[in-house]
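Got the model open in your viewer? Let's walk through it stop by stop, selecting as we go.

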Amino acid sequence: MDLNTVVTITPARERADLGLLGETVAPLAGGSELFADPRVHLTGLVDLQSFGWPALTVTPEGLEIAATCTLAQLAALPTRPGWTAHPLLFECCTALYGSFKVWNVATVGGNLATALPAGPMTSLAAALDAEVLVWRRDGSDEHLPAAGFVTGDMTTVLRTGDVLRSIHIPDASLRARTAFRKIALSPIGRSGAVVIGRLDRDGRFTLTVTAATLRPVQLRYATLPTASALRAGVDGIDAWFTDAHGAADWRAAVSAVLAEEIRQQLEGPEHVPAATRAETPPTGSEARP
Ligand SMILES: Cc1cc2nc3c(=O)[nH]c(=O)nc-3n(C[C@H](O)[C@H](O)[C@H](O)COP(=O)(O)OP(=O)(O)OC[C@H]3O[C@@H](n4cnc5c(N)ncnc54)[C@H](O)[C@@H]3O)c2cc1C
């Protein structure tokens, strides 16, 4: 929809341009969320895409994802030798139920900043123990665990004038084995639960629960836990919530089932993913879940 109160759109080319941000001037990335609802308090936008940040940068330390990287770009990233976790990139993109049109504009940073519990880029970043880089308004940089970036339903650690610059996934996480499960009340509905398991090469296991909880919740174990230990961990989660996409008790129940499926999958033999994949986005309904 048109944002009729917005009278300026400023292309950001250097960090100083972010000084325009404030209570009535917001960062603009893909616009798929920003233009979805009235924002009558806004008079201006600062376009982050004009920074021209490289979307995806592979280094020996891991993968850096610019906040302005689109879901389409992330989903199409070819794998690398040893990147056992690579399928998770595409799998998490599929947990955003938009068509190719949305995938081509929606950004990773915009998804984290929007901070819906069902934010699939929050799921991905948390599950792989990514670190986010926040450009604070005062010019300082802050590196934070991605799992702590989203603090509640549509709340984050960002303060007015701050910008999420990038997300860094460590190489060790990309070499882990992962298992992904999502569930929704309807086939193209917003996720009611996204549960991801990560089995590191040194045997440590991390279960990340999102979409079912107000913020990412992680359970960590020194080795793959028994079914009862994992069940006890899931039962101990206290951040389930109820909205149109699922009741809290349903979310808790399905998350326990999905967690056990994940545990059993990772207990089994490893399947090496295809050498490369360039997936295509879905072509389903345009309806906003
Ligand atoms: C059909 C459809 C389906 C959708 N399904 C889902 C879904 O299943 N799950 C889900 O989570 N979302 C969903 N969305 C919402 C939205 O598309 C995504 O959250 C998307 O990733 C937002 O990214 P964007 O780049 O378009 O953000 P924008 O719309 O540009 O911005 C969104 C918000 O984040 C702020 N922002 C953007 N980038 C930054 C940054 N780098 N630093 C600080 N603030 C920033 C903006 O100021 C704004 O407040 C859906 C939207 C549509 C239209």
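Start with strand β10. Select E64 and H168: E64 stands opposite H168, which sits in β10. Keep in mind throughout that this is a predicted model. Now widen the selection to residues 62-66, which make up strand β5; five bridges join β5 to β10, and the two run antiparallel.

Next, add strand β6, residues 131-135, which also pairs with β10 in the antiparallel sense, again over five bridges. For a landmark in that pairing, pick V134, which has L164 of β10 opposite. How many of the eight residues of β10 are buried? Six of them are, so call β10 (residues 163-170) mostly covered.

**Zoom out to the domains**

Colour the chain by domain. The assignment gives domain 1 as 8-49, domain 2 as 50-173 and domain 3 as 174-267. If you place a marker at the C-alpha centre of domain 1 and another at that of domain 3, 35 Å separate them.

**The parallel sheet**

Now select β1, β2 and β3. These three strands form an open sheet with parallel pairing, in the order β1-β3-β2. At the edges are β1 (8-11) and β2 (25-28), each of which pairs on one side only. Ignoring direction, neighbouring strands here are turned by 25 degrees against each other on average.

Stay with β2 for a moment. Four bridges join β2 to strand β3, residues 44-47, and the two run parallel. Show A26 and you'll find L45 of β3 standing opposite.

**The ligand**

Bring up the ligand and its surroundings. There are 33 residues around the ligand, and P27, G31, S32, L34 and T107 come nearest. Then turn on distances and look for three polar pairs:

- At E33, a polar backbone atom is 2.9 Å from an oxygen atom of the ligand.
- At N111, a polar side-chain atom lies 3.0 Å from a ligand oxygen atom.
- At A118, a polar backbone atom is 3.2 Å from a nitrogen atom of the ligand.

**T107 up close**

One of those nearest residues deserves its own stop. Select T107, which you'll find in the loop between α3 (100-105) and α4 (108-114). Is T107 buried or exposed? Its relative accessibility is 4%, so T107 counts as buried; the cut-off for buried is under 20%.

Show the side chain of T107 too: one of its polar atoms lies 2.9 Å from the backbone nitrogen of G110. What does T107 touch, once you leave aside its neighbours within four places in sequence? Select A29, G30, Q49, A67, T68, C69, T70 and L71, and you have its contacts.

**Two covered helices**

Helix α2 comes next, at residues 87-94. Seven of its eight residues are buried, and the helix is mostly covered. To see the buried ones, select P87, L88, L89, F90, C92, C93 and T94.

Then jump to α5, residues 120-127. Eight of the eight residues of α5 are buried, so the rest of the structure largely encloses this helix. The buried residues are P120, M121, T122, S123, L124, A125, A126 and A127. Just after α5 comes D129, which has a positive phi, near 50 degrees.

What does α5 lie across? Show β12, β13 (205-210) and β14: α5 lies across these strands, running at about 20 degrees to β12.

**The antiparallel sheet**

Those strands lead us to the next selection. Four strands form an open sheet with antiparallel pairing, in the order β11-β12-β13-β14. Because β11 (177-184) and β14 (217-221) stand at the edges with a single partner strand each, one side of each is left without a neighbour in the sheet. From one strand to the next, the twist averages 10 degrees.

Zoom in on β11 and β12. Strand β12 covers residues 191-199, runs antiparallel to β11 and is joined to β11 by eight bridges. Pick T178, whose bridge partner in β12 is R198.

**Last stop: α8**

Finish by selecting A253, which is in helix α8, residues 248-267. With 40% relative accessibility, A253 counts as partly exposed. Add D235 and draw a C-alpha to C-alpha distance: A253 and D235 are 18 residues apart in sequence and 8.8 Å apart in space.

Notes
Residues are numbered from 1 along each chain as its sequence is written. This is a predicted model: local features need pLDDT of at least 70, side-chain atom pairs count only at pLDDT 80 or more; totals for chains, interfaces and linings use all residues. Side-chain values use heavy atoms; hydrogens and water are left out. Domain bounds come from an automatic or database domain assignment. Buried means under 20% relative accessible area, exposed over 50%, partly exposed in between (1.4 Å probe, protein chains only). Two strands pair if DSSP finds at least two bridges between them. Axes are lines fitted to C-alpha atoms, for helices over the stretch in contact, and angles run from 0 to 180 degrees between N-to-C directions. Contact means heavy atoms within 4.5 Å. A residue is near a molecule or strand if one of its heavy atoms lies within 4 Å of it. A polar contact is a pair of N or O atoms within 3.5 Å; within protein, one must be able to donate a hydrogen and the other to accept it, and residues adjacent in sequence count only if both atoms are side-chain atoms.
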